[in-house]
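Please open the model in your viewer and display it as a cartoon with side chains available. The tour below proceeds by selection, stating at each stop what is to be found there.

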Amino acid sequence: MTNQYSSPIAIPIGDTVIELLADNGMNMDDLIDKTGYSNEKMIQYFYGKEPVSQDFADKLAKVFTPPAEFWLTLDQNYHNTINRLSKQ
């Protein structure tokens, strides 16, 4: 028996990014300027419509404290939870 927690909800990376933007006194325009990604492309990542790329994770890591691996894992966990919940 494993003691692995399975979240009952799926949280896309956008929720975390929005919190970090607010914590750092930034807005989406600031993030667009710092990453070079368009608002439309970021929305795809934020809502989990497209898996986070290594490049985007690297750029988020330069803007915020969590490393790129954090963003990739967070996104992977989101997609895994969506898949698990859709099978229930």
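Of the 20 residues in the largest nonpolar core, which touch the most other members? They are Ile-13, Leu-31, Phe-56, Phe-64 and Trp-71. A nonpolar core is here a set of buried Ala, Val, Leu, Ile, Met, Phe, Trp, Tyr and Cys residues joined through side-chain atoms within 4.5 Å. Buried means under 20% relative accessible area, exposed over 50%, and partly exposed in between, with a 1.4 Å probe and protein chains only. Helices α1 (13-23), α3, α4 (54-63) and α5 (68-86) each supply at least two residues of this core.

**Before selecting further**

This is a predicted model, in which local features need pLDDT of at least 70 and side-chain atom pairs count only at pLDDT 80 or more, while totals for chains, interfaces and linings use all residues. Residues are numbered from 1 along each chain as its sequence is written, and side-chain values use heavy atoms, with hydrogens and water left out.

**The whole chain**

Select the entire chain. There are 5 helices and 0 strands, and from the N terminus on the elements run α-α-α-α-α. Helices (H or I, at least four residues) and strands (E, at least two) are DSSP runs, numbered from the N terminus. Along the principal axes, the C-alpha atoms fill a box of roughly 45 × 25 × 20 Å. Of the 88 residues, 34% count as buried. Among contacts between residues at least 6 apart in sequence, 55% join residues at least 24 apart; contact means heavy atoms within 4.5 Å.

Next, colour by pLDDT, the predictor's confidence in each residue, from 0 to 100. The chain has a mean of 91, and 92% of its residues reach 70 or more. Among the elements, α4 has the highest mean pLDDT (97) and α5 the lowest (92). Where pLDDT is low, the predicted coordinates should not be read in detail.

**Helices α2 and α3**

Select residues 28-35, helix α2, and residues 39-46, helix α3; the two pack at an angle of about 100°, with their axes 10 Å apart. That angle makes α2 roughly perpendicular to α3, a label given to angles of 65 to 115 degrees, whereas those under 35 count as roughly parallel, those over 145 as roughly antiparallel and the rest as oblique. Axes are lines fitted to C-alpha atoms, for helices over the stretch in contact, and angles run from 0 to 180 degrees between N-to-C directions.

Show the side chains of Met-28, Leu-31, Ile-32 and Thr-35 on α2, and of Asn-39, Met-42 and Phe-46 on α3, since these residues make the contact. They divide into 5 nonpolar, 2 polar and no charged. In this scheme Ala, Val, Leu, Ile, Met, Phe, Trp, Tyr, Cys and Pro count as nonpolar, Asp, Glu, Lys and Arg as charged, and the others, Gly among them, as polar.

**Three residues of α2**

Centre on Leu-31. Beyond residues up to four places away in sequence, Leu-31 touches Val-17, Leu-21, Met-26, Gly-36, Met-42, Phe-46, Leu-60, Val-63 and Phe-64.

Move to Thr-35, which is buried at a relative accessible area of 3%. With the same sequence neighbours set aside, Thr-35 touches Met-42, Lys-59 and Val-63.

Then select Ile-32, which counts as partly exposed at 22% relative accessibility. The C-alpha atoms of Ile-32 and Met-42, 10 residues apart along the chain, are separated by 8.4 Å.

**Contacts with the C-terminal helix**

Where is Thr-16 found? Thr-16 lies in helix α1 and is buried, with a relative accessible area of 18%. Outside its neighbours within four places in sequence, Thr-16 is in contact with Phe-70, Trp-71 and Leu-74.

Pro-12 sits in the segment before α1 and counts as buried at 13% relative accessibility. Draw a distance from Pro-12 to Leu-74: the two are 62 residues apart along the chain, yet their C-alpha atoms are separated by 7.6 Å.

Finish at Val-52, in the loop between α3 and α4, which counts as buried at 9% relative accessibility. Excluding residues up to four places away in sequence, Val-52 touches Ile-13, Tyr-45, Ala-57, Leu-72 and Asp-75. The C-alpha atoms of Val-52 and Gln-76 are 8.3 Å apart in space, with their positions 24 residues apart in sequence.
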